[in-house]
Amino acid sequence: ALPGHLLRVLLPLLTVFHLERAEDAARRAGLSTQPIWRKLWDDVMKTRPPNSESITCWRKKFLETFFSNVLHGVLDVSSDWRLNDRHFSPLLHSSRHVSQLTLCNMLQGAVELTAEHNHKVLENLAGSLRILKFQHLLSCDQSVRRSLVLLLHRLIHHGSVRQVSMYSWPVPDTVLVVLILTMSAGFWRSGNALACHGRPCGLCREEDKGQSQESVQEGAERGCNAEQEGSGGENQKRSPKEADAHMNSVLSGPRSPGLQNPACEETSSEVPCSHSSIQQHSSPHSSSEQLSCYPVPRKTRRRMKPAVGRKRRCLRRSRGHFADPEDLYDFVFTVAREDNSGLLDKTRTTEGENTENWTSSSPGSPCTGHAGCKKRGGPAGILSLKAAHRFRSVSTLELFSIPLTGETCRTLSNLLSSWVSLENLVLSYNGLNANISCILSGLRALSRNPECRFRALRVSDMFSHMPCMELVRWILSALPQLHTLSVSFDLKNQLEGSRLEANPSCSEVEIPESCLEVLEIRFPREPLHTALLLPVLKASRSLQQLSLDSATLPCPQELGLLLELLKECTPSLKKLSFHDVNLAEHQKEVLLLLQDPGLQEITFSFCRLFESSTAEFLSEIINTVKRNSSLKSLKLPGNRLGNHRLVALADIFSEDSSSSLCQLDVSSNCIKPDGLLEFTKKLEGHIQQRGGQLPFTHLRLFQNWLDQDADTAQEALRRLKAVCSVVNDAWDSSQAFADYISVM
């Protein structure tokens, strides 16, 4: 209860431990601790954080980064007196503020977090962590994988993680990739306790106990026989102490023979699973309805050997979770598919095996028969994912720069087919090529689930295996419920036979009415044919945002046809963006877009607008924008405005203007400090004429030549910041010019 003036003096002198405890007192006294946390960042981290202008809470930013640095051993707490406090436990006290965490390399962070002494740290993370990232991973041994399993189970299955991202893994470990994907999808053997520090997972045990008791009651109501009810009940009557003792004895002793399940035949031998040869088997007795009739004992799992000559299926009792290395390997590849009726065509093989072959009756149907997916449907399915429904919480999955093999794609497809919590999927530079059809098969199956929440798909890669517009039409025909679709490719795939052979021509695919609101297409220098875009726009009446990148216009009339099409088919369009599209010879169409009363944001990025233009064209742009009261944002990066054109743009805000323009982006436009200062003075003059009222609020100035006269630039920026919010960077124009010359 210190007076405010005294608290203001003491706050900068506190350690991190006491500063955090004084947060509430400072707030009550009307004092902000943000400057102190910002200074802590500068003194301890000694780096400028990315997007620092968007950081709203430096306390959280500091403690979150501090946690990560301490966890990975890159920060010594004894290096600063404010961190070196005997009351301060670095990981424990900062873990409550961690909403996103990145694990790297050999997953040392996973091992540390699952250690017994960090039990409370892990509990804090389970409540605070929302985003879990993996970056630059390397292959690791069995003990590290086990730690990863424990970590994922606690943070995803019993935690608050909603997004899982994997980055930059040029040579991925297939087992590790599939393990992360499988657990992110919520897959877990219902009824099995997780051995955590020698004890079963208490959260799993309580949930399984409640579910098994409910299952027994339902079985009794359905008239299940007394013997089956008894087997489930006997397992549930074990007390918690007995369960702990039983699990500990199992983990320390050899595995005993499995118990025979009355619902299936006993398999006497087991075949180890290998990621190089994974097969899919099915049985008419494997439906989820049958499993619901027979309560599964708490430590029970299902294992399968390849059926030869006849169908075999069993439920074997597991003595301890992952008691030997083979168990974890089996778990990784035990990925089942939901029962998607109508999608599978079950056929008998010559050996009498019952296998499942994907049909190719329609685009997006599972594994449509292209070269990358001619094998069987995927990894061996043992336990239906329906059993793990309560663990499905991850809504966003991102895979960046991780090559995905055909086998991994089939596994991911199987997971996606029932991942009902998934809302956003980002696949970036995964080398998918024709394997994208396998991914779409899983998404199509998911879209048929009434609980499906999937709304956004972003696909980008180096090579395009088919023309962009055909792929867009194909995706929308399979997933009409999408709200956001982004397709981006760098280059065309010149290899023969790279197209999807078994699918009908994508140009003939009928697109049902879609829910699409955002469409982004990056063409690999392909011509933009309006005729191919027509059916997409006709089916997307709700489209609000359209972005076209790196397209070429095959004829001068093409852009005019596009504008007519947009006006006719997309009445809700609010944002339109062109990037790296040569518009130098399309001045008339540019002016038509700028006077469109429906558009609120227009972007012409690196479109060579003024390459062959006259002064009259710039004047027409300014007058058009002045008359448009609906346009809120105009982005003109990379169009060689220069000083004189920037100064002229200030007239958009003159006294006779009815413009409502709030944001202006003039990044990468060869602007020098003297030109920026003149623009600022002219803007100040317009403000005085309008009585201090100006709608203009944001100016972006990235990558301009402001370093050529630092004093003039600082004066211009200082005066500008009194008018609007300015975002710029410390860009070395001389080095950038040298880099440009070096690649010419």
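Colleague: How many salt bridges does a search of the whole structure find?

Modeller: The model is predicted. Side chains of opposite charge can pair when their charged atoms come close. A search of the whole structure gives a salt bridge count of 23.

Colleague: Arg-59 and Glu-20 meet in a salt bridge. Which helices hold the two residues, and how many residues apart are they in sequence?

Modeller: The N to O distance of this pair is 3.6 Å. Arg-59 sits in helix α5, residues 58-71, and Glu-20 in helix α2, residues 16-21. The pair therefore ties together parts of the chain with a sequence separation of 39 residues.

Colleague: Is Glu-20 buried or exposed?

Modeller: Buried means under 20% relative accessible area. Its partner Arg-59 has 18%, so Arg-59 is buried. Glu-20 has a relative accessibility of 9%, so Glu-20 also counts as buried.

Colleague: Which residues are linked with Glu-20 in a network of salt bridges?

Modeller: The Arg-59 to Glu-20 salt bridge has been covered, at 3.6 Å. The network holds Glu-20 itself. Linked with Glu-20 are Glu-23, Arg-59 and Arg-96.

Colleague: Glu-64 and Lys-60 also meet in a salt bridge. What separates them along helix α5?

Modeller: Their side chains pair at 3.2 Å, N to O. Both residues lie in helix α5, 4 residues apart. The separation is therefore about one helical turn.

Colleague: Which accessibility class does Lys-60 fall in?

Modeller: The buried class ends under 20% relative accessible area, and exposed starts over 50%. Glu-64, at 12%, counts as buried. Lys-60 is at 29%, so Lys-60 counts as partly exposed.

Colleague: What is the N to O distance between Arg-522 and Asp-490?

Modeller: Their side chains meet in a salt bridge. The N to O distance is 2.3 Å.

Colleague: Which strands does that pair link?

Modeller: Arg-522 and Asp-490 are 32 residues apart, and the pair links distant parts of the chain. Arg-522 is partly exposed at 27% relative accessibility. Asp-490 is partly exposed at 21%. Arg-522 lies in residues 518-522 and Asp-490 in residues 484-492, which are strands β12 and β11.

Colleague: Which residues form the negative surface patch around Glu-678?

Modeller: Glu-678 is in helix α24, residues 673-689. Its relative accessible area is 47%, so Glu-678 is partly exposed. Patch residues need over 30% relative accessible area. The negative patch is formed by Glu-678 with Asp-674, Asp-709 and Asp-711.

Colleague: What area does the nonpolar surface patch with Phe-463 have?

Modeller: Phe-463 lies in strand β10, residues 456-464. Phe-463 is partly exposed, with a relative accessible area of 39%. The patch is made by Phe-463 with Tyr-429, Met-462 and Leu-491, and its area is about 340 Å².

Colleague: What share of the accessible surface belongs to carbon and sulfur atoms?

Modeller: The protein chain has an accessible surface of about 32800 Å². The share of carbon and sulfur atoms is 50%.

Colleague: What part of the residues counts as buried?

Modeller: The protein chain has 744 residues. Its secondary structure comprises 26 helices and 19 strands. The buried part of the residues is 54%.

Colleague: Among contacts with a separation of 6 or more, what share comes from residues 24 or more positions apart?

Modeller: A contact means heavy atoms within 4.5 Å. Among contacts in the protein chain with a separation of 6 or more, residues 24 or more positions apart account for 83%.

How values were computed
Residues are numbered from 1 along each chain as its sequence is written. This is a predicted model: local features need pLDDT of at least 70, side-chain atom pairs count only at pLDDT 80 or more; totals for chains, interfaces and linings use all residues. Side-chain values use heavy atoms; hydrogens and water are left out. Patches are made of residues with over 30% relative accessible area and no salt bridge: like charges are joined within 9 Å, nonpolar side chains (Val, Leu, Ile, Met, Phe, Trp, Tyr) within 5 Å. Accessible areas come from the Shrake-Rupley method with a 1.4 Å probe; for residues, only the protein chains shown count as cover. A salt bridge is a side-chain nitrogen of Lys or Arg within 4 Å of a carboxyl oxygen of Asp or Glu. Lys and Arg count as positive and Asp and Glu as negative; His and the chain ends are not counted. The place of a charge is taken as NZ of Lys, CZ of Arg, CG of Asp or CD of Glu. Buried means under 20% relative accessible area, exposed over 50%, partly exposed in between (1.4 Å probe, protein chains only).
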